[in-house]
Amino acid sequence: MAAHRSGPLKQQNKAHKGGRHRGRGSAQRDGKGRLALKSLSKKVRKELSRVDQRHRASQLRKQKKEAVLAEKRQLGSKDGPPHQVLVVPLHNRISLPEAFRLLQDRDTGTVHLNEWGSTHSFMLLSSALKHRWFFTSASPGDLHTVLDLAKVADTILFLLDPLEGWDSTGDYCLSCLFAQGLPTYTLAVQGISGLPPKKQIDARKKLSKVVEKRFPDEKLLLLDTQQEAGMLLRQLSNQRQRHLAFRDRRAYLFAHDAHFVPNEENNLVGTLKISGYVRGQTMDVNSLLHIIGHGDFQMKQIDAPMDPFPLNPRVIKSQNNPGMAMEICTTDAVTDMEEDIKVLVKADPDRQESLQTEVIPDPMEGEQTWPTEEELREANDFLKEKSKVVKKVPKGTSSYQAEWILDEDGESGGEGDEYDGIEHEDFMEEESQDESSEKEEEEECETMTIGESVHDDLYDEKVDEEAEEKMLEKYKQERLEEMFPDEVDTPRDVAARIRFQKYRGLKSFRTSPWDPKENLPRDYARIFQFQNFTNTRKRIFKGIEEKEVEGAEVGWYVTLHVSGVPVSVVEYFKRGAPLIAFSLLPHEQKMSVLNMVVSRHPGNTEPVKAKEELIFHCGFRRFRASPLFSQHTAADKHKLQRFLTADTALVVTVYAPITFPPASVLLFKQNNNGMHSLIATGHLLSVDPDRMVIKRVVLSGHPFKIFTKMAVVRYMFFNREDVLWFKPVELRTKWGRRGHIKEPVGTHGHMKCSFDGKLKSQDTVLMNLYKRVFPKWTYDPYVPEPVPWVKSEISSKVPEMDME
């Protein structure tokens, strides 16, 4: 007798646990010799004792502290560049000349005034503090000047009003500066001593609460007396510097002086000599130079004149008036600079970066060669074999006669044979009844139309079109109320297969394949693309840290000879605007496709449509372009957004010169009055032309007759050929059903569809179509100067639905 054996469906009970905590022996038996990850990693690295760990931690702290102190000592010292301070008054009641008068203390040091148009600046040299400052100012309403000076400033000094702190213009200026990235900043209050003594304490408390919203845990300093100005200078010199990533890896220079030497052939273009202190990194003469607002240029050579503002003068001739002695020494330094100019380095034509920004496309590169005779013969043989059809014909029939014999199964065969049976017969019976009833209605409508045609000749014989137009208008109004973003109306005057011939259907938007190199526009032949952008960026940044570059070191006062500069740059500088130059990393002059992640600024509610011209502040660049908006997802395809939404972050795609992230991004829109309104802020995501932005359109139809899993849908198409053309595309409904087109019914665009369940009468049938879109090539490096910004009420508008 065979013993009973349990089958695979026998119940398996859980083993009894002998307690919540296992012993070391049971854990080792379960591990079966496997070791934990921590024990493996400890064997790889040397285990340090507790004393050694403390010693190592103290060494790291000491190194970091020494690095911070060395940076403080370098900035503003005799070997480093002057400490550049940008003074920004945040309220219209603040007196900027009064603040400058307090900071220009002759007892503190020597003051050298420079006045360029509307921009006031001065150099302060203090032998007692062993520090030198360069103060510049900008009005908060002049956005270009404020943002450009903030790119190169070491410290920003914000002047606050004792009662309100800042006004609406100052708040808008702070929003732009926070979005671009703030360097080290200091807050000073002007005019608090003018308040009654009893109200000064309350004013400081209220002001501290206002300031905490934007500057948490920030100390407020006073600027009403010479003593308070001295304390402010000590605070500025002892502050720890905050770094901006986009300028720490590049050499940059603020122009203290500029001279233009025109060419012999053309007086409008020449060589621009820019003098200033090198900051950031070593200035390489073979790299390109970007002048903010004017473009990219090449350098001929770098001169090393004497520093016009030395902290310790070489000769002091007068003992009674040390200030006059310093001024005399500074003047001597300027004359010596003009007489004894030392050429530091000249450009090497073999190593110099090219100014080529675009690829010159070859129109014959994409052409195909003419096929050979063998290929033509093989193609004809293949077509002949493919076109042969096997038919049953009577004996003695020739091939010519056989071509005229119709296949009996050809007319009756097809997809309709799958729907034989009772359900199909009922469907056809009901359809025939409906067609007969429609014919009767048409006859009745024709009699009514004849009576009305006396007054209106537009409606002659088909009244059903008027009824369908009213029904279509009703469904259109319903869709507009729901604000479905991608839904469009099927055109009546153009066939849908022609209107949407560039679109395709996808089984799944997330997983369906789409070749990024397919059907690229001509503009893609003009841009550059990296094989691996991330690795190239890492290699360039690593070379900056490790490779020693020959050129002008940080802190040197140099003169750059920039070739091919238009005369408008010098005129721009003479009007009082700041002239700022950044050296470019390799490939940063070349055009490509930039992707930026931005979020809508809460202070602006006007609708912004895709492909509108916007003003970009991307890192150190400023340009105009027409971007695309798309969703920020981790997939390989990203759906187009027709408007810049306020609730989620979007990706902006635009043609622009290559910039290596990290870099801040600000988007402005120029109003009709010439002012620039901040609409979005964000950061640079990547440089990737293969990032696919997919536009979706949704065609909608209404179920006309509903059966178990079949339905007749109308209003999606209006002719039989369109139904056959879009037959392979999958359908869906707003209530979650999925299906596909079986066959057209009639000639007016009605179609028989099958679904995975029964439809509801109030449901809507949808068809998704997709195509890849590309931005417009409207890049323009010249941005007109904005009108000084004044706060105005912006009326909130609801964005209209784009039906394209």
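**Exercise 1. Are W166 and F215 buried or exposed?**

Solution. Start with the basis: this is a predicted model, where local features need pLDDT of at least 70, side-chain atom pairs count only at pLDDT 80 or more, and totals for chains, interfaces and linings use all residues. Residues are numbered from 1 along each chain as its sequence is written, and side-chain values use heavy atoms, without hydrogens and water. Now apply the cut-offs: buried is under 20% relative accessible area, exposed over 50%, partly exposed in between (1.4 Å probe, protein chains only). Both W166 and F215 are buried.

**Exercise 2. Classify the ring pairs of F215.**

Solution. Step one: take the rule. Rings of Phe, Tyr and Trp (its six-membered ring) pair if their centres lie within 6.5 Å; planes under 30 degrees apart are stacked, over 60 edge-to-face, the rest tilted.

Step two: a search of the whole structure gives 23 aromatic pairs. One of them joins W166 and F215, with 6.3 Å between centres and 75 degrees between planes: edge-to-face.

Step three: turn to Y185 and F215. Their centres are 5.1 Å apart and their planes at 55 degrees, so this pair is tilted. Y185 sits in strand β6 (residues 184-189) and F215 in the loop between α7 and β7, so the pair ties together parts 30 residues apart in sequence. Helices (H or I, at least four residues) and strands (E, at least two) are DSSP runs, numbered from the N terminus. Both Y185 and F215 are buried.

**Exercise 3. Which residues form one aromatic cluster with F215?**

Solution. The cluster consists of F158, W166, F178, Y185 and F215.
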